[in-house]
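Colleague: Could you take me through one part of this model closely, step by step? I would like to see how the protein meets one of the DNA strands, and then how that picture fits with the rest.

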2 protein chains.
Amino acid sequence: MFNDLDPLLHSQLRLAVMSLLISVESAEFTFLKEKTKSTAGNLSVQLDKLSEAGYIQIVKSFRGKKPLTTCSITKKGIKAFEDYVNNLKQYINK
Amino acid sequence: MFNDLDPLLHSQLRLAVMSLLISVESAEFTFLKEKTKSTAGNLSVQLDKLSEAGYIQIVKSFRGKKPLTTCSITKKGIKAFEDYVNNLKQYINK
DNA sequence: TATTTTGGTTTATAACATAAACTAGTTTAC
DNA sequence: GTAAACTAGTTTATGTTATAAACCAAAATA
């Protein structure tokens, strides 16, 4: 009846990040921060978790002299997101 | 872009309970426990939270000599659930 | 009458989300 | 050129949450 919801995705901020990443090739930290209206600290922590789960890839580089953090969703992440959405439907489609 | 998700509903067990209650007139504690496969303790706590938020009504009575806890969703609960579902769609409909 | 079961509640703990504080360097204003 | 403010984050601390474990009272069962 109710499949478990991946706890890694069942978090407002991480879900918003995945939602953004699924429709773009990659996104910068500041872009994600703006779109999700999160604090940098919170975003940093949640990106790490998604990265450690293998759901996203994080590449650190420099743009000019400033640090640049770029994120992209992985195949595993896409699969996890799709599964999450499918499972969620059991809960919200009365 | 991303509306906040009601934290009271953004919980697997509470969401499952609301999902069940929205399509029935009322449901017993044991029914909810079975359907959600939760432990009694966890369910008890989460029902209290939904009740305190005014999302459900809890009526305690006896069936024969045994205690009976019956739950039903309130208008406020229906509204909250519908809002939650609508907001959630922003996250999952890329 | 001892044990198990029912129908829960209360309490303790571990995980989580978040904000606040901090770091390291860059740009701007004086 | 140096102080102040800004950028782009990370780390740490704290409060909240979810969950399991322990508990309770009564009833049913062996």
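Modeller: Let's start with the surface near DNA strand D, keeping in mind that this is a predicted model. Four elements each supply at least two residues of that surface: helix H2 (29-36), helix H3 (40-52) and strand E3 (66-73) of chain A, together with helix H3 (40-52) of chain B. Both protein chains therefore appear in that list of elements for a single strand, with each element giving at least two residues by DSSP runs. The largest share, five residues, comes from H3(B).

Now look at single residues. Of the 20 residues around DNA strand D, the ones that come nearest are Ser44(A), Lys60(A), Thr69(A), Ser11(B) and Arg14(B). On the DNA side, sugar and phosphate account for 68% of the atoms of strand D that come within 4 Å of the protein. You can find some of these meetings on screen. A polar side-chain atom of Thr69(A) lies 2.2 Å from a phosphate oxygen of strand D. For Ser44(A), an N or O atom in the side chain is 2.4 Å from a phosphate oxygen of the strand. From chain B, the side chain of Lys49(B) has an N or O atom 3.4 Å from a phosphate oxygen of strand D. Sorted by class, the surface near strand D has nine polar, six nonpolar and five charged residues.

With that in mind, turn to DNA strand C. Here the nearest of the 20 residues around the strand are Ser11(A), Arg14(A), Ser44(B), Lys60(B) and Thr69(B). H3(A) gives the most to this surface, with five residues, while helix H2 (29-36), H3 and strand E3 (66-73) of chain B each supply at least two. Of the strand C atoms within 4 Å of the protein, 67% belong to sugar or phosphate and the rest to bases. A phosphate oxygen of strand C is 2.4 Å from an N or O atom in the side chain of Ser44(B), and another entry to look for is Lys60(B), with a polar side-chain atom 2.7 Å from a phosphate oxygen of strand C. The backbone takes part too: a polar backbone atom of Pro67(B) is 3.3 Å from a sugar or linking oxygen of strand C.

How are the two protein chains related? A rotation of 180° with 0.0 Å of shift along its axis superposes chain B on chain A, with an RMSD of 0.0 Å. The two copies are thus related as by a two-fold rotation axis. In chain B, His10(B) comes closest to that axis, its C-alpha being 3.9 Å away.

Finally, see where the chains touch each other. The contact takes 22 residues from chain B and 22 residues from chain A. About 2,000 Å² is buried between them, and carbon and sulfur atoms give 67% of this area. Gln12(B), Tyr91(B) and Ile92(B) supply 31% of the area that chain B buries against chain A, more than any other three residues. The rule finds zero salt bridges across this interface, but eight residue pairs are in polar contact. On the side of chain B that touches chain A, H4(B) gives the most, with seven residues. By class, that side has 13 nonpolar, six polar and three charged residues. Since 100% of the interface residues of chain B are also interface residues in chain A, the copies meet through the same surface.

Terms used:
Residues are numbered from 1 along each chain as its sequence is written. Chains are lettered from A and ligands numbered from 1 in the order in which they are written. This is a predicted model: local features need pLDDT of at least 70, side-chain atom pairs count only at pLDDT 80 or more; totals for chains, interfaces and linings use all residues. Side-chain values use heavy atoms; hydrogens and water are left out. A residue is near a molecule or strand if one of its heavy atoms lies within 4 Å of it. A polar contact is a pair of N or O atoms within 3.5 Å; within protein, one must be able to donate a hydrogen and the other to accept it, and residues adjacent in sequence count only if both atoms are side-chain atoms. Ala, Val, Leu, Ile, Met, Phe, Trp, Tyr, Cys and Pro count as nonpolar, Asp, Glu, Lys and Arg as charged, and the others, Gly among them, as polar. Contact means heavy atoms within 4.5 Å. Buried area is the accessible area (1.4 Å probe) that two parts lose on being put together, summed over both. A salt bridge is a side-chain nitrogen of Lys or Arg within 4 Å of a carboxyl oxygen of Asp or Glu. Copies are superposed by least squares on the C-alpha atoms of residues with pLDDT of at least 70 in both.
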